[in-house]
Every structure is written in structure tokens, then in C-alpha cells.
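Open the model in a viewer with residue labels switched on. The tour gives one selection at a time and says what is there.

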Amino acid sequence: MSRFSHANFNAKNYAEARPTYVPKIYDLISNFHKGARDAVVDVGSGPGNGTQGLLDLDFGKVYAVEPSTVMIEEGKNRPRGTEIDWFTGSGENLSQILPNKVDMITSFEAAHWMDHEKTWKECYEVLTPGGTVAHVMYGHTELLGNEKASEIVLDFARNKLKAYYMPQHDIAFGLMDAIDPPSWATRVERHKFLTKSKDGENQCIMTRETTLRGLQAQIYSWSPTDQYVEEHPGEDPVGDIMKVIMELYNAKDLDHPITMAWSLAVFLVSK
């Protein structure tokens, strides 16, 4: 998580390059929740990519907790950023940060960074009765209609960047299967939407119509890429794989249209 806190981390690129959370996700969360709607907090919010959608769930207050001041400053400058109350911190110290108890705690692509032994305790402490914890996680980037290009992106992540990947990334790629619910949970639901779904499984709901330039920006937004580039000045590993991917698409330039897709999981817990 520390890469996102670096003063020179490109939080603007992160905000623009990462996938958009579709309405279906918020519908699942809203329908599961049976408690009050006075306040919700998004933990590990980054610049608020997931927090923004919470503004439409009829909560009186929307809080965002994020350890990176770089991300928070970017989030404040995003559309509707001023409608969110921002706090510096993490899921491990929510009770020391929030001004009051909350009815819902969410995370979007952040649960894999948490120490869940501590975070579940904090969630119990700050949640009102009937409150909800909703973790949302997407997996690795895939390119619909071009399996070979998808394999190159995944190989880049797992091999070229291997030295910079942490065990937490495996939790993300595993769509939170490694995270157990807390002992205090009264209801638990897990929903998955897979890019390669089988009969009876939910189909993928998280896609993005973009260009190869958008893919390039997305790869640059990864924390392992950011660290690799910093430690290997003069190298252009992303540019190198983009040349290969362009050939696979028979693309003349980076403005060639593509469709990115991600498997997605929603993990819901009620107090």
C-alpha cells in the first residue's frame, strides 16, 4: 500500500485508469443492508473511485478513510469530491478516526491490504446494530476477444513484476476467498461475476470499452509497475509489452479500441 502514499505517485492516472464500479454492485450492497442509513465509510478509498457511488445510496453522511494524502487530495478534486468527508487512516484504526458510529463500512479493491484480525474488531466497534460490511474486489485485467493479449498482460504481472508483488495481491486475484468472515457475523453472502463463467455462474459485469492507450494507463496504475519503473530508470517495460499487444491486435497506434474485463467478487457481512 505504501507505493500509493509516495508524493510522486500519479493519483490522477490511478483515478482515471482504474475500472468503474457498475450500478449492479451498489444494488447488491444496498439490498443486503437492513440497518439505518445515517453514515457510511469507505475504507482504503484511494481517490474515491468506489466512494462516489455511495453518494447515491441515501446515507446522511459519506466518509472516506485513506492512508495516502496524495490519494485524498486527488479525491477531493474529483467530481462530487466535496460531498465526501475525508480522513487519513486505515481499517485498523477506524474507532480512533471516525467522529461517530456508522451503519455501513465498504472497501473497493482494498480488502487485500487489511489486517483482518484487527479490522474486523474495528468494524464491530464502529458499526451500529444491523450494520453492514461490504468488500468489493476485482481480479486481474483481461482483454475480451484476445486471449493471447490477456496472457501477455498476466505474464507481465506475475513474472516481470514478480519481485514487487506481495502476498496481498494473491488475495485480490483470488477474489477474497482467503478472507474469512468474522465470528460476530449474523449474515454472510458472497457473490462472484466471472469473465469465464460456467453454466449456473454469474457472468462478468465489469467491463470497459477503451483503447490500447487506456490499457497502458491501467498497467502504469499498478503499484508494482510504479515501483519497477522507479527502480529501473531508462527501461520501458510497459512500452515493450504494448508493442507486442499492438501486433496481436494488428493496431496502427494506441488508439485502437479494445474491451477490458475483470472478474469481480462482492463479500457482504451483517452485524
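The stops below go from an annotated span to a helix, two buried residues, a sheet and the salt bridges.

**Stop 1: the annotated span**

Bear in mind throughout that this is a predicted model. Select residues 41-133, which the UniProt record, an unreviewed entry, annotates as "domain: Methyltransferase type". Helix makes up 30% of this span and strand 29%. Put a distance label on its two end C-alpha atoms: they lie 10 Å apart.

**Stop 2: helix H6**

Select residues 116-126, which form helix H6. Which residues of H6 are buried? They are His116, Thr119, Trp120, Glu122, Cys123 and Val126. These buried residues sit on the same side of H6, because the arc they cover around the axis is only 160 degrees. Turn to the other side of H6 and the exposed residues Glu117 and Lys121 come into view.

Next, show what lies over the buried residues of H6. The cover includes helix H5 (94-97) and the strands E4 (102-108), E5 (127-138) and E10 (264-270).

Before leaving, zoom in on the start of H6. Here a side-chain oxygen of aspartate 115 comes to within 3.3 Å of the backbone nitrogen of glutamate 117.

**Stop 3: proline 182**

Select proline 182, in the loop between helix H8 (167-173) and strand E7. Is proline 182 buried or exposed? Its relative accessibility is 10%, so proline 182 counts as buried; the cut-off for that class is under 20%. Beyond its neighbours within four places in sequence, proline 182 is in contact with Trp120 and Val269. Trp120 is one of the buried residues of H6 from the previous stop.

Now draw a line from the C-alpha atom of proline 182 to that of glutamate 117. The separation is 8.5 Å, for two residues 65 apart along the chain.

**Stop 4: serine 270**

Move to serine 270 in strand E10. Strand E10 has already appeared among the elements that cover the buried residues of H6. Serine 270 has a relative accessible area of 4% and is therefore buried. Which residues is serine 270 in contact with, leaving aside neighbours within four places in sequence? Select Phe32, Gly130, Gly131, Trp184, Ala185, Thr186 and Arg187 to show them.

**Stop 5: a sheet of three strands**

Select strands E6, E9 and E8, which form an open sheet in that order with antiparallel pairing. Strand E6 (142-143) and strand E8 each have a single partner strand, so they stand at the edges, and one side of each has no neighbour in the sheet. Look along the join of E6 and E9, where there are two bridges. Leucine 143 is found opposite methionine 260 in E9.

**Stop 6: helix H9**

Go on to helix H9, residues 212-220. H9 is mostly covered, with seven of its nine residues buried. To color them, pick Leu212, Gly214, Leu215, Gln216, Ala217, Gln218 and Ile219. Arginine 213, by contrast, is partly exposed at a relative accessible area of 41%.

Keep arginine 213 selected and add aspartate 255. Their side chains meet in a salt bridge of 3.2 Å, N to O. Aspartate 255 lies in the loop between helix H11 (237-249) and strand E9 (257-262), so the pair ties H9 to a part 42 residues away in sequence. Aspartate 255 is partly exposed too, at 46% relative accessibility.

**Stop 7: further salt bridges**

How many salt bridges does the structure hold? There are 10, among them the one just visited.

Select lysine 61 and aspartate 85, whose closest N and O atoms are 3.4 Å apart in a salt bridge. This pair links strand E2 (residues 61-66) with strand E3 (residues 85-88), across 24 residues of chain. Lysine 61 is partly exposed at 42% relative accessible area, and aspartate 85 is partly exposed at 27%.

Then select lysine 196 and glutamate 147, a salt bridge with its closest N and O atoms 4.0 Å apart. Lysine 196 is in the loop between strand E7 (187-193) and strand E8 (206-211), and glutamate 147 is in helix H7 (residues 147-160), 49 residues apart. Glutamate 147 has a relative accessible area of 44%, which makes it partly exposed.

End with Glu16, Glu74 and Arg78, which salt bridges with shared partners join into one network.

Definitions and conventions
Residues are numbered from 1 along each chain as its sequence is written. This is a predicted model: local features need pLDDT of at least 70, side-chain atom pairs count only at pLDDT 80 or more; totals for chains, interfaces and linings use all residues. Side-chain values use heavy atoms; hydrogens and water are left out. Helices (H or I, at least four residues) and strands (E, at least two) are DSSP runs, numbered from the N terminus. Buried means under 20% relative accessible area, exposed over 50%, partly exposed in between (1.4 Å probe, protein chains only). UniProt positions are given in the numbering used here, feature names are shortened, and annotations may be inferred rather than shown by experiment. Contact means heavy atoms within 4.5 Å. The arc is that of the directions from the helix axis to the C-beta atoms. A polar contact is a pair of N or O atoms within 3.5 Å; within protein, one must be able to donate a hydrogen and the other to accept it, and residues adjacent in sequence count only if both atoms are side-chain atoms. Two strands pair if DSSP finds at least two bridges between them.
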